[in-house]
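Dear colleague,

I am handing over the structure below, together with some notes on what was found in it. Please read the two side by side.

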Amino acid sequence: MTDKQDKIDRLCELLITENAKYNLTRIVDPDQIEIRHFEDSLIVLELLEDYASKFNYRPKLLDIGSGAGFPSLALAIMLDNWDFISLEATGKKVKFQQLAAKELELTNFEAINGRAEELAHNFKYREKFDIVTARAVGHLALISELALPFLMISGMFLAWKGPKVIEEMPLAEKVIKQLGGDKPDQIAYSLPDQDENDIDYCIIKTVKQFRSPVAFPRPYGIIKKQIK
């Protein structure tokens with residue numbers, strides 16, 4: 001299987017089939033999968049291609065809390081000159097991603113069953129990535145603390161957010177600054193089926209300026225407790 005569109009179509013089929021067995025996603029309609037998973041995941045494609053154009057090596061991307069593999073599986077199909085690691089704590093979702101990668105012959109993709117707050121303290125992964133992504137994972141302050149320790153200096157963190165980002169931003173900006181990121185940008189976007197009454201979507205982007213303090217990320221329970 002070589003054509004990228006063929007791989008996207010096959011991934012959609014796999015998701016529908018396996019979801020019937022394992023309840024991987026609440027989005028089951030093929031048209032909605034196309035929009036809410038694939039098009040939403042690929043909204044950052046141009047941004048990533050621009051980032052990669054400045055370097056002469058294979059960029060590395062870590063996707064935190066990837067669920068059924070979005071955005072990482074979709075991006076791995078489109079960016080076959082990148083390397084992807086997808087980090088997910090739920091075993092059945094990791095197994096689905098591994099099955100999909102095998103079926104689609106994605107040699108640039110690896111799915112890991114684990115937790116970000118633990119893996120970020122492993123030298124093999126800490127500050128080793130050009131890009132870290134998190135799509136619909138949780139409060140921006142929480143995911144920023146989990147994500148930034150994985151980034152190398154000049155690396156970029158991208159978070160998919162909805163309208164709650166307005167109330168989350170004050171605390172998140174403090175966390176991002178403490179862990180080495182610059183002032184985050186908010187990039188608004190829309191999806192094809194979106195009407196004027198739909199929620200506002202955005203990508204939060206921050207670039208890492210200095211190394212994260214070694215004590216971070218803290219245990220998940222401690223981070224969660226401090227987020228009101």
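The notes that follow cover the nonpolar cores, one histidine and the two pockets.

This is a predicted model, in which local features need pLDDT of at least 70 and side-chain atom pairs count only at pLDDT 80 or more, while totals for chains, interfaces and linings use all residues. Residues are numbered from 1 along each chain as its sequence is written, and side-chain values use heavy atoms, with hydrogens and water left out.

The largest nonpolar core (buried Ala, Val, Leu, Ile, Met, Phe, Trp, Tyr and Cys residues joined through side-chain atoms within 4.5 Å; buried being under 20% relative accessible area with a 1.4 Å probe, protein chains only) has 42 residues, among which Leu-11, Leu-48, Trp-82 and Phe-96 touch the most other members. Elements giving two or more residues to this core include helix H1 (4–22), helix H2 (30–41), helix H5 (91–104) and strand E5 (151–161), where helices (H or I, at least four residues) and strands (E, at least two) are DSSP runs numbered from the N terminus. A second, separate core of 34 residues includes Ala-141, Leu-148, Phe-150 and Ile-176. Leaving aside neighbours within four places in sequence, Trp-82 is in contact (heavy atoms within 4.5 Å) with residues including Leu-48, Tyr-51, Pro-59 and Ile-131.

His-37 belongs to helix H2 and is buried, with a relative accessible area of 8%. Its side chain makes a polar contact with the side chain of Thr-25 at 3.0 Å, the term meaning a pair of N or O atoms within 3.5 Å, where within protein one must be able to donate a hydrogen and the other to accept it, and residues adjacent in sequence count only if both atoms are side-chain atoms. Not counting residues up to four places away in sequence, His-37 also touches Phe-70 and Arg-135, among others.

Arg-135 appears again in the largest pocket (on a 1 Å grid over the protein atoms alone, an open set of points where a 1.4 Å probe fits, with protein on both sides within 12 Å along at least five of seven lines; lining residues have an atom within 4 Å of a point), as one of the residues nearest its centre among the 33 that line it. The space in this pocket is about 830 Å³, and H2 gives the most to its lining, with three residues. The lining divides into 17 nonpolar, seven polar and nine charged residues.

The second largest pocket has a volume of about 170 Å³, and its lining includes Lys-60, Asp-83 and Glu-110.

Best regards

Methods. Buried means under 20% relative accessible area, exposed over 50%, partly exposed in between (1.4 Å probe, protein chains only). Grid points are joined across faces, edges and corners, and a volume is the space filled by probe spheres set on the points. Ala, Val, Leu, Ile, Met, Phe, Trp, Tyr, Cys and Pro count as nonpolar, Asp, Glu, Lys and Arg as charged, and the others, Gly among them, as polar.
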